[in-house]
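Here are my notes on the model you sent over. I've numbered them so you can go through them one at a time with the structure open beside you.

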Amino acid sequence: MSQNNFDEIIKRSLEIREKYHQLEIQQNGKEWILEQDALAYLTDAGLVGRNIMSHEKTWTKANSREELEHKLGENIWWLIILADRTGIDMKEALDKFLTKTENILK
């Protein structure tokens, strides 16, 4: 994968989400709603915190480096999914955030 191809990352993320929707239909009879996706994201964000604590040796946890790497990637994935489901262009949102923050910190 090209490290600079965010369009490809977004495409792959949406394809994976569609496969999870199919699993949700099999298991629960329907796809998760937006609020369930947001809750799943928040759960994974909390797990990033736990793994950071383990990284800093303030929380003992086995395999925390591997899990931290996985959860950081998963959190980016969730943000792409949430942006898509709310009609927000993730690339544009990120660019606006970076530009605004850069201007504030000048």
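1. Start with Lys61. If you skip its neighbours within four places in sequence, Lys61 is in contact with Asn51, Ser54 and Glu67. Lys61 sits in the loop between α2 and α3. One caution before we go on: this is a predicted model. As for the Asn51 contact, Lys61 and Asn51 are ten residues apart along the chain, and their C-alpha atoms are separated by 7.6 Å.

2. Is Lys61 buried, exposed or something in between? Its relative accessible area is 28%, so Lys61 goes down as partly exposed. The cut-offs here are under 20% for buried and over 50% for exposed, which means that anything in between is called partly exposed.

3. Now look at two other residues of that loop. Lys57 lies in the loop between α2 and α3, and Asn63 is found there too. Lys57 has a positive phi of about 65° although it is not a glycine. Asn63 also has a positive phi, about 55°, and it isn't a glycine either. Why stop at these? Most residues other than glycine have a negative phi.

4. How much of these two can you see from outside? Lys57 has 72% relative accessibility, so it counts as exposed. Asn63 has a relative accessible area of 56%, so Asn63 is exposed as well.

5. Step along to Ser64, which lies in helix α3, residues 64-85. Ser64 has a relative accessible area of 11%, so this residue is buried. What does Ser64 touch, leaving aside neighbours within four places in sequence? The contacts are Asn51, Ser54 and His55. Asn51 and Ser54 should ring a bell, as they were also on the list for Lys61.

6. Let's check the length of α3. With 22 residues at 1.5 Å a residue, the helix should span 32 Å, and its end C-alpha atoms are 30 Å apart, which agrees. Right after α3 comes Gly87, with a positive phi of about 75°.

7. Which residues of α3 are buried? Among them are Leu68, Trp77, Trp78, Ile80, Ile81 and Leu82, but also Lys71, Glu74 and Asn75. The cover over the buried residues of α3 includes α1 (6-28), α2 (34-55) and α4 (90-104).

8. Do the same for α1. It has 23 residues and reaches 32 Å from its first C-alpha to its last, close to the 33 Å expected at 1.5 Å a residue. In α1, the buried residues are Ile10, Ser13, Arg17, His21 and Glu24. Have a look at the numbering in that list. An α-helix has 3.6 residues a turn, so residues three or four places apart point the same way. The buried residues of α1 pack against α2, α3 and α4. After α1 you meet Gly29, whose phi is positive, near 85°.

9. A quick stop at Ile52, which is found in helix α2. Is it tucked away or out in the open? Ile52 has 38% relative accessibility, so it counts as partly exposed. From Ile52 to Ile76 you go 24 residues in sequence and 16 Å in space, C-alpha to C-alpha.

10. Time to zoom out. How many helices and strands does the protein have? There are four helices and zero strands, and from the N terminus on the elements run α-α-α-α. The radius of gyration is 16 Å, well over the 13 Å that the globule rule gives for 106 residues, so the protein is more spread out than a compact globule. Its C-alpha atoms fill a box of roughly 45 × 40 × 30 Å along the principal axes.

11. Some totals for your notebook. Of the 106 residues, 22% count as buried. The protein exposes about 8100 Å², and carbon and sulfur atoms supply 57% of that area. Take the contacts between residues at least 6 apart in sequence: 59% of them join residues at least 24 apart.

12. Last one, on charge. The protein has 15 positive and 19 negative side chains. Where do the two sets sit relative to each other? Their centres lie 3 Å apart.

Technical notes:
Residues are numbered from 1 along each chain as its sequence is written. This is a predicted model: local features need pLDDT of at least 70, side-chain atom pairs count only at pLDDT 80 or more; totals for chains, interfaces and linings use all residues. Side-chain values use heavy atoms; hydrogens and water are left out. Helices (H or I, at least four residues) and strands (E, at least two) are DSSP runs, numbered from the N terminus. The radius of gyration is taken over C-alpha atoms; the globule rule is 2.2 Å times the number of residues to the power 0.38. Buried means under 20% relative accessible area, exposed over 50%, partly exposed in between (1.4 Å probe, protein chains only). Contact means heavy atoms within 4.5 Å. Accessible areas come from the Shrake-Rupley method with a 1.4 Å probe; for residues, only the protein chains shown count as cover. Lys and Arg count as positive and Asp and Glu as negative; His and the chain ends are not counted. The place of a charge is taken as NZ of Lys, CZ of Arg, CG of Asp or CD of Glu. The expected span of a helix is 1.5 Å times one less than its number of residues.
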